[in-house]
Amino acid sequence: VTINVTDLTDEAPVFTQPTFEATLFDGDYINQFVMTLAVFDADAGDILTFSSLPPIVSLFSIGERSGNVVITGRLCFAEQSNYTQQVAVTDRAGLRNVANVTLSVRRINAHAPAFQAVQYANQLVVEGNAIGLAIATVVATDADCADTPNLAYSPVGGDTSFFFLNSSSGAITAAQEFDREQTAQLRLVVQVTDNGNPPRTNTI
C-alpha cells in the first residue's frame, strides 16, 4: 500500500532577517536593482506574494513574485539620508510575515560647480563712482544634490583691491572710487567652491 501525503499550507513564510539594508549614493535612479528579499517557507511548492505596506515609500518597487527591490527616483543625502519601507510576504493560504527594507543614502561629490557665463566682460562703470556701487553678480550652479545653495565665492586674482565680493551671493561691488586716468580697465578672477569632501572648484 502506497500512501501519498499532500502538503498542507500551514506554515507561514519567514523572512531570513527582520531588516534588509542597502546603501546608495546621491543621484537619479531608474529601475535600479537593490536586492532580493530572501524568504524561507517550510511548505513545499508554496506560492509567495510580496507587497509593500503603508505608508508607501514611492521610491521603492517590490517585485510581487520575485521579491526584487528596485529604486526609481532621486536620492539626496541633504534632503533625506534614510528610507524605510515595511514589506510583507504572503503565501496562498494568507499566512504572512513582515520585514523592513532600509536604504541609506551616502553623499558623493561627483561634479564641480560651473559658472553660468564663461566671462562677465564689458561691465561699464563711470569714474568717480560711489563705494559699494553694484558691478556684477557671478552665478554658478552645481549638478550635485543640494550643493548649489551652499556654494562659496572668493576673489583669487586680478585687481582684487578694487572690489568687494559677497561670498554667498557672488555680488561684486566697488571697494573704492575708480579713476580712468589711473586705471582704464580692471579685472577680477573669481573662484567658486562647493561644500563637498573633498571640495571641488571652478574659476572665471
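# Pockets, sheets and side-chain pairs

Analyst: Hello! β11 and β16 each supply at least two residues of the lining of the largest pocket. Strands here are DSSP runs of E with at least two residues, numbered from the N terminus. The model is a predicted one, in which local features need pLDDT of at least 70 and side-chain atom pairs count only at pLDDT 80 or more, while totals for chains, interfaces and linings use all residues. Residues are numbered from 1 along each chain as its sequence is written, and side-chain values use heavy atoms, with hydrogens and water left out.

User: Which strand gives the largest share of the lining of the largest pocket?

Analyst: A pocket is an open set of points on a 1 Å grid over the protein atoms alone, where a 1.4 Å probe fits and protein lies on both sides within 12 Å along at least five of seven lines; lining residues have an atom within 4 Å of a point. The lining here has 27 residues, and nearest the centre lie Asn 122, Gln 123, Gln 185, Leu 186 and Arg 187. The largest share is three residues, and they come from β16.

User: And how much space lies in the largest pocket?

Analyst: Grid points are joined across faces, edges and corners, and the volume is the space filled by probe spheres set on the points. For the largest pocket, this gives about 870 Å³.

User: Let's turn to charges. Where does Asp 147 lie, and is this residue buried or exposed?

Analyst: Asp 147 meets Arg 107 in a salt bridge of 2.2 Å, N to O; the term needs a side-chain nitrogen of Lys or Arg within 4 Å of a carboxyl oxygen of Asp or Glu. Arg 107 sits in the loop between β9 and β10, 40 residues apart from Asp 147, which lies in the loop between β12 and β13. Relative accessible area sorts residues into buried (under 20%), exposed (over 50%) and partly exposed in between, with a 1.4 Å probe and protein chains only. Arg 107, at 31%, is partly exposed, whereas Asp 147, at 1%, is buried.

User: How many residues apart in sequence are the parts that Asp 46 and Arg 92 tie together?

Analyst: These two side chains form a salt bridge of 3.3 Å, N to O. Asp 46 is buried at 15%, while Arg 92 is exposed at 51%. Because Asp 46 is in the loop between β4 and β5 and Arg 92 in the loop between β8 and β9, the pair ties together parts whose separation is 46 residues.

User: Which residue meets Arg 74 in a salt bridge?

Analyst: Arg 74 is in strand β7, and its partner is 46 residues away in strand β3. Arg 74 is partly exposed at 40%, and the partner is exposed at 57%. At 3.1 Å, N to O, the residue that meets Arg 74 is Asp 28.

User: Those strands also share a sheet. Why do β3 and β6 have one side without a neighbour, and by what angle are neighbouring strands turned on average?

Analyst: The open sheet has the order β3-β7-β6, with antiparallel pairing; two strands pair if DSSP finds at least two bridges between them. β3 and β6 stand at the edges with a single partner strand each, so one side of each has no neighbour in the sheet. β3 and β7 pair over seven bridges, with Tyr 29 opposite Gly 73. With direction ignored, the average turn between neighbouring strands is 20°.

User: Which residue in β15 stands opposite Ala 136?

Analyst: Another open sheet has three strands in the order β11-β15-β14, paired antiparallel. Three bridges join β11 to β15. Opposite Ala 136 stands Ile 172.

User: Now the rings. How is the pair of Phe 15 and Phe 50 classed?

Analyst: Rings of Phe, Tyr and Trp (its six-membered ring) pair if their centres lie within 6.5 Å; planes under 30 degrees apart count as stacked, over 60 as edge-to-face and the rest as tilted. Phe 15 in β1 and Phe 50 in β5 are 35 residues apart in sequence, and both are buried. Their centres are 6.3 Å apart and their planes at 55°, so the pair is tilted.

User: Which residue joins Phe 15 and Phe 50 in a cluster?

Analyst: The whole structure holds five aromatic pairs. Ring pairs link Phe 15 and Phe 50 into a cluster with Phe 20.

Terms used
Helices (H or I, at least four residues) and strands (E, at least two) are DSSP runs, numbered from the N terminus. Axes are lines fitted to C-alpha atoms, for helices over the stretch in contact, and angles run from 0 to 180 degrees between N-to-C directions.
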